[in-house]
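User: Please pick one part of this model and look at it closely. I want its charged pairs, its pockets and its packing, with every cut-off stated.

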Amino acid sequence: MNKLYFTKAEGIYDRLDGILKGLLGFSPQILRTENGKPYIDGNPLYFSLSHSGKHGVIAVCDKPVGVDLELFKNKTHSLMISGFPEEEQAEISDERQFLMHWTAREAFIKMKGSTLAKSLKSTSYTGGKIYFEGAEQACAIYQHFTEHGVVTVCIAE
């Protein structure tokens, strides 16, 4: 199972509760790992959420999942791009491509249960694949484009 729900950022946790209640038949207690990743104790259902501006997205899956949403802001992001590996920089020529790379990285980090502070420099997205500490990762990347921005879902394989 892999489901993606688009919602408003305001009230996203209430929407998550409603989704989980609909799928599980009860409102689960949501716990958090040491790094802040939300989870349901003892249940094989995984979820992730993201919001940017007034928009939100929730991913629910039967495997570890991460989701990231970023809105178009008509920025160049050149300072951020300069910190990316050369191979990755070569794939980025506009904001849409930057957001594809950024959201893929962040969705992977969320799926992994880490934080940007701990894992961003070790993560890259090149040729449609995620690399962590130089090694290709066993995960599937799905990208969605809306009129407002980019949504990326990363699912463990």
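Analyst: Relative accessible area sorts residues into three classes: buried is under 20%, exposed is over 50%, and partly exposed lies in between (1.4 Å probe, protein chains only). By that scale Lys-110 is partly exposed, at 22%. The part chosen here is helix α4, residues 95-112.

Some ground rules come next. The model is predicted, so local features need pLDDT of at least 70 and side-chain atom pairs count only at pLDDT 80 or more, while totals for chains, interfaces and linings use all residues. Residues are numbered from 1 along each chain as its sequence is written, and side-chain values use heavy atoms, with hydrogens and water left out. Helices are DSSP runs of H or I with at least four residues, strands are runs of E with at least two, and both are numbered from the N terminus.

Charged pairs first. A salt bridge puts a side-chain nitrogen of Lys or Arg within 4 Å of a carboxyl oxygen of Asp or Glu. This rule yields 3 salt bridges. Lys-110 pairs with Asp-68, and their closest N and O atoms are 4.0 Å apart. That pair links distant parts of the chain: Lys-110 sits in α4, Asp-68 in strand β6 (residues 65-71), with their positions 42 residues apart. Asp-68 is buried, at 1% relative accessibility.

Arg-105 has a partner too. Its side chain meets Glu-88 in a salt bridge, N to O at 2.8 Å. Glu-88 belongs to helix α3 (residues 86-89) and Arg-105 to α4, so the bridge ties together parts 17 residues apart in sequence. Both Glu-88 and Arg-105 are buried.

The remaining salt bridge joins Lys-129 and Glu-136, at 3.9 Å between the closest N and O atoms. Lys-129 is partly exposed, at 39%. Glu-136 is partly exposed as well, at 47%.

Now the pockets. The search runs on a 1 Å grid over the protein atoms alone: a cavity is a set of points where a 1.4 Å probe fits but cannot get out, whereas a pocket is an open set with protein on both sides within 12 Å along at least five of seven lines. Lining residues have an atom within 4 Å of a point. Points are joined across faces, edges and corners, and a volume is the space filled by probe spheres set on them.

The largest pocket holds about 310 Å³. It has 18 lining residues, and those closest to its centre are Gly-36, Lys-37, Pro-38, Leu-49 and Lys-110. Two elements give two or more residues each to this lining: β4 (46-52) and α4. β4 makes the largest contribution, 5 residues. For composition, Ala, Val, Leu, Ile, Met, Phe, Trp, Tyr, Cys and Pro count as nonpolar, Asp, Glu, Lys and Arg as charged, and the others, Gly among them, as polar. The lining splits into 6 nonpolar, 8 polar and 4 charged residues.

The second largest pocket measures about 150 Å³ in volume. Arg-105 is part of its lining, along with Leu-79, Met-80, Gly-83, Phe-84, Pro-85, Leu-120, Lys-121 and Thr-123. That lining comes to 5 nonpolar, 2 polar and 2 charged residues.

Packing comes last. Ala-104 is in α4. Its relative accessible area is 0%, hence buried. A contact means heavy atoms within 4.5 Å. Not counting residues up to four places away in sequence, Ala-104 touches Tyr-125, Ile-130, Gln-143 and Thr-152. Its C-alpha lies 9.9 Å from that of Thr-126, which is 22 residues away along the chain.

In soluble globular proteins, nonpolar side chains tend to be buried together. A nonpolar core here is a set of buried Ala, Val, Leu, Ile, Met, Phe, Trp, Tyr and Cys residues joined through side-chain atoms within 4.5 Å. The largest core has 20 residues, and Phe-98, Phe-108, Met-111, Ile-130, Cys-139 and Cys-154 have the most contacts inside it. α4, β8 (129-132), β10 (139-145) and β11 (149-156) each give two or more residues. α4 supplies the largest share, 8 residues. Cys-154, with neighbours within four places left aside, contacts Pro-64, Val-65, Gly-66, Ala-107, Phe-108, Met-111, Cys-139, Ala-140 and Ile-141. A second, separate core of 11 residues includes Leu-16, Ile-19, Leu-20 and Ile-58.
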